[in-house]
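Let's take a walk through a protein together. Have a look at the model below, turn it around a bit, and then read on.

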Amino acid sequence: MSPPPSPWFSDDPGKAWAERFFLIYTPVWILAVAAVMLSGALQRWGDAGFMAFAVAVAAPLLLVPALCHRRVPALATTSWSNSYWFKFNLWIFIFVWIGTYFLTHYFFDVLGMRYAFPTRWTLDAALVGRGDGEVPLFMYPLTQAYFVSYHAAMIVALRRVRRALGLDHLSQGTSRWPRLLVLALATLVLAYGVAFAETLFMASDAISDLFWYADKPRMLRYGSLFYACYFLVSLPLLARMDEPPGPVFSPGRAALEALAAGMLVFMILDALALLLGPLVI
């Protein structure tokens, strides 16, 4: 007798396996990042050290599913290129690339974020941003790990909320809209909470000479909503991928939707920057 379906994880076996793996791996990279922050190792590293650490943190998100692909029944029925774990990583990679290459400058100019890592390997947009902030190259793979975990956790949590509200099976009547409003509010709370928590953790006193915000209290209160816009765009789009009874995405569709999400966040952040101006007093 097969176990009852989980109220948290996807009904698609391959997607459910990937979600569980991403969540299981999350405390591993969190402990690794906390260890290097608290040990002072960041003070001693150069470009190669930062990059090696970031790649080591991000690589298991691809390597473990790839190595397990033929051994796990939930994965073996699908080619690796059409597997959820690959398309999820691809989607996040494109979204992270846009966010890191272009949108980090909004964090520099609007939110007062400052980097002082002892690195010379940098990569960021030539014509976006008014200041002289530069993005260290190691931030790309490191952010991949962050965003895979953030999105996997929030998608699982929102699926639980959606199922608890009966939205998976509810008819298209007027009673659906109050439930959709609750789901939208849950999405906003999760997005803001994750943005707030990352800011609080990363802008800690342990690395305050390498990474900080010019006005951390204002960043936590107001800048977290600015940052949450990433997730308010990405979550509704990414949650649809390979989610029964919807269609299975191709890698090309996953890439196109990630590009669209990145551009939409770009427009939202620019509009907010125009309306709000910099948070730094």
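What percentage of the 281 residues of the protein count as buried? The answer is 47%. Keep in mind that this is a predicted model, so every number here is computed from a prediction.

Start with the overall layout. The secondary structure comes to nine helices and two strands. If you read along the sequence, you meet them in the pattern α-α-α-α-α-β-α-α-β-α-α. The protein's radius of gyration is 19 Å, close to the 19 Å that the globule rule gives for 281 residues, so it is as compact as a globular protein of that length. Along its principal axes, the C-alpha trace spans about 55 × 45 × 30 Å.

Now for the rings. A pair of aromatic rings is described by the distance of the centres and the angle of the planes. This structure holds 37 aromatic pairs, and we can pick out two. In the pair of F102 and F266, the ring centres are 5.7 Å apart and the planes are at 40 degrees, so this pair is tilted. F102 belongs to helix α5 (residues 84–109) and F266 to helix α9 (residues 251–276), so the pair links distant parts of the chain, 164 residues apart. Are these two buried or exposed? F102 is partly exposed because its relative accessible area is 28%, while F266, at 17%, is buried.

The second pair is Y150 and F231, and this one is edge-to-face: 6.1 Å from centre to centre, with 85 degrees between the planes. Since Y150 lies in helix α6 and F231 in helix α8, the pair ties together parts that are 81 residues apart in sequence. Y150 counts as buried, with 13% relative accessibility, and F231 counts as buried too, at 0%. Both rings also belong to one aromatic cluster, whose members include W29, W91, F95 and Y146.

Rings can have charged neighbours as well. R20 lies over the face of F9, at 4.2 Å from the ring centre. In a similar arrangement, the charged end of R160 sits over the ring of W8, 5.7 Å from its centre.

Next, look for empty space. Rolling a probe the size of a water molecule over the atoms shows where empty space is left. The largest pocket contains about 620 Å³ of space. It is lined by 23 residues, and the closest to its centre are R162, D168, A239, E243 and P244. The elements that give two or more residues to this lining are α6 (139–164), α7 (176–202) and α8 (216–238). Which of them gives the largest share? That is α6, with five residues. By type, the lining divides into 11 nonpolar, four polar and eight charged residues.

Finally, zoom in on the backbone. Most residues other than glycine have a negative phi, and most peptide bonds are trans. D242 has a positive phi of about 55 degrees although it is not a glycine. You'll find D242 in the loop between α8 and α9, where D242 is buried, with a relative accessible area of 7%. P245 has its place in the loop between α8 and α9 as well. The peptide bond from P244 to P245 is cis, with omega near 5 degrees, and P244 is one of the residues closest to the centre of the largest pocket.

Conventions. Residues numbered from 1 in each chain as written. Predicted model: local features only at pLDDT ≥ 70, side-chain atom pairs only at ≥ 80, totals over all residues. Heavy atoms only, no water. 1 Å grid on protein atoms, 1.4 Å probe; cavity = no way out; pocket = protein on both sides within 12 Å on 5 of 7 lines; lining within 4 Å. Points joined across faces, edges and corners; volume = space filled by probe spheres on them. Helix = DSSP H or I, 4+ residues; strand = E, 2+ residues; numbered from the N terminus. Nonpolar A, V, L, I, M, F, W, Y, C, P; charged D, E, K, R; others polar. Phe/Tyr/Trp six-rings, centres within 6.5 Å; stacked < 30°, edge-to-face > 60°. Buried < 20%, exposed > 50% of the residue type's maximum accessible area, 1.4 Å probe, protein only. Lys NZ or Arg CZ within 6 Å of the ring centre and 35° of its normal. Rg over C-alpha atoms; globule rule 2.2 N^0.38 Å.
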